[in-house]
Amino acid sequence: MTTTGPADLTLIQVSDTHLVPSGQLIHGRVDTFALLEAAAARLADWAGPVAGILLTGDLANNGAPEAYRRLRGVIEPLAQRLGAAVVYAMGNHDERTAFRAELLDGATSPGGGILTGDSLTSNSLTGDSLTGSSPEDPCDQVHDIDGLRIIVLDSTTPGRHDGWLTDAQLAWLADRLDEPAPRGTLIVVHHPPLPSRLPTLHLLRLRAAERLAKVIDGTDVRMVLTGHAHHAGAGSLAGIPVWISPALAYHVDTLPPRGRHRGLPVGGFSRVDLVDGQVVVTAIPLDGSGLAAAGLDGARPAGAGQAAEVYNRDAQEMLDYVRSATPTTTPAE
Ligand SMILES: [Fe+2]
Ligand SMILES: [Fe+2]
């Protein structure tokens with residue numbers, strides 16, 4: 001029988017915070033900043049240790065600089081207290097210029113001449129990071145957390161909500177993976193490289209995921225960590241596990257009433273443990289106090305079939321809208 005020893009290393013993954021400037025709510029009712037504070041309070045209460053905090057995209061709801069400053073104001077004092085590195089990844093609701101300016105201190109590639117890894121807040125960022133040399137380039141990064149390599153891929157395309165990785169990004173990734181890391185590699189990419197039975201999410205997945213599969217197949221990549229779907233889930237790509245973290249902001253109902261598309265007030269995040277040599281991920285729902293802090297106390301699910309909602313829309317109208325906003329061609333075409 002295998003015994004379970006202490007966790008070798010724990011990372012916390014917080015995805016889809018959808019923060020907005022002070023005084024604003026999303027969907028007219030969710031105070032996402034209060035949810036972030038509630039999650040931070042839970043982590044501060046926990047005995048730890050935490051080696052890293054991974055923020056995996058849609059960190060701001062509309063790319064507002066103030067939203068990124070609010071995020072940093074909560075996460076970085078917490079990380080300092082925990083002794084954890086901080087990793088920021090782009091999502092489709094983020095805006096590269098503001099994201100880079102506010103969360104990466106304006107850094108482009110070390111060769112790009114703006115800032116190098118030494119100047120960044122995260123002590124885990126390596127010199128290999130940040131492909132490109134202009135503020136609009138993808139925010140790809142490499143972090144080293146106690147020998148565990150975290151490679152962040154920016155799967156966004158400005159003006160679009162579906163996911164895509166360019167040939168240049170994939171070539172850069174292949175170069176990084178040529179050299180294995182002491183404890184292996186985790187890929188962080190906002191868009192799940194998986195199909196979905198939810199039609200809107202399927203349209204907005206990472207497109208042409210087989211291109212990524214080809215690059216990570218046979219490498220030291222141990223897991224792919226994603227968000228974007230607003231529900232927890234798992235699958236695999238090239239035989240490598242893929243984790244979809246729950247969203248902090250709200251949950252997209254995966255079993256909605258017929259013909260409906262709806263969001264539910266059930267926030268959550270994930271812990272990623274390297275334990276007994278394996279990578280194990282666990283979803284952590286935010287408890288009632290977090291929802292109360294976000295003004296959602298009375299909106300908690302009341303019982304089977306009676307869940308209160310963040311929104312409830314006609315599924316076909318929603319799909320038509322997403323379809324109209326999503327080009328049928330990939331960004332490469
Ligand atoms: Fe999101
Ligand atoms: Fe997203």
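Q: Are α1 and α2 roughly parallel or roughly antiparallel to each other?
A: Roughly parallel (under 35°; over 145° is roughly antiparallel, 65 to 115 roughly perpendicular, the rest oblique) to each other. The model is predicted: local features need pLDDT of at least 70, side-chain atom pairs 80 or more, while totals for chains, interfaces and linings use all residues. Residues count from 1 along each chain as written, and chains are lettered from A and ligands numbered from 1 in written order.

Q: What angle, and how far apart are the axes?
A: Helix α1 (residues 32-45) and helix α2 (residues 65-82) pack at about 0°, axes 10 Å apart. Angles run from 0 to 180 degrees between N-to-C directions of axes fitted to C-alpha atoms. Helices are DSSP H or I runs of at least four residues, strands E runs of at least two.

Q: Which residues meet there?
A: From α1, Phe 33, Leu 36, Glu 37, Ala 40, Leu 43 and Ala 44. From α2, Arg 70, Leu 71, Val 74, Leu 78 and Arg 81. Contact means C-beta atoms, placed from the backbone, within 7 Å.

Q: And α4 with α6, what's the crossing angle?
A: Roughly 20°, and the axes of α4 (residues 167-177) and α6 (residues 209-216) come within 9 Å. They are therefore roughly parallel to each other. Leu 170, Leu 173, Ala 174 and Leu 177 of α4 touch Arg 211, Leu 212, Val 215 and Ile 216 of α6.

Q: New topic: what is the strand order in the sheet?
A: β4-β5-β6-β7-β9-β8, open, with mixed pairing (at least two DSSP bridges) across 6 strands. The edge strands are β4 (141-145) and β8 (233-237).

Q: In what sense do β6 and β7 pair?
A: Parallel, over 4 bridges. Leu 186 stands opposite Met 223 in β7.

Conventions
Contact = placed C-beta atoms within 7 Å.
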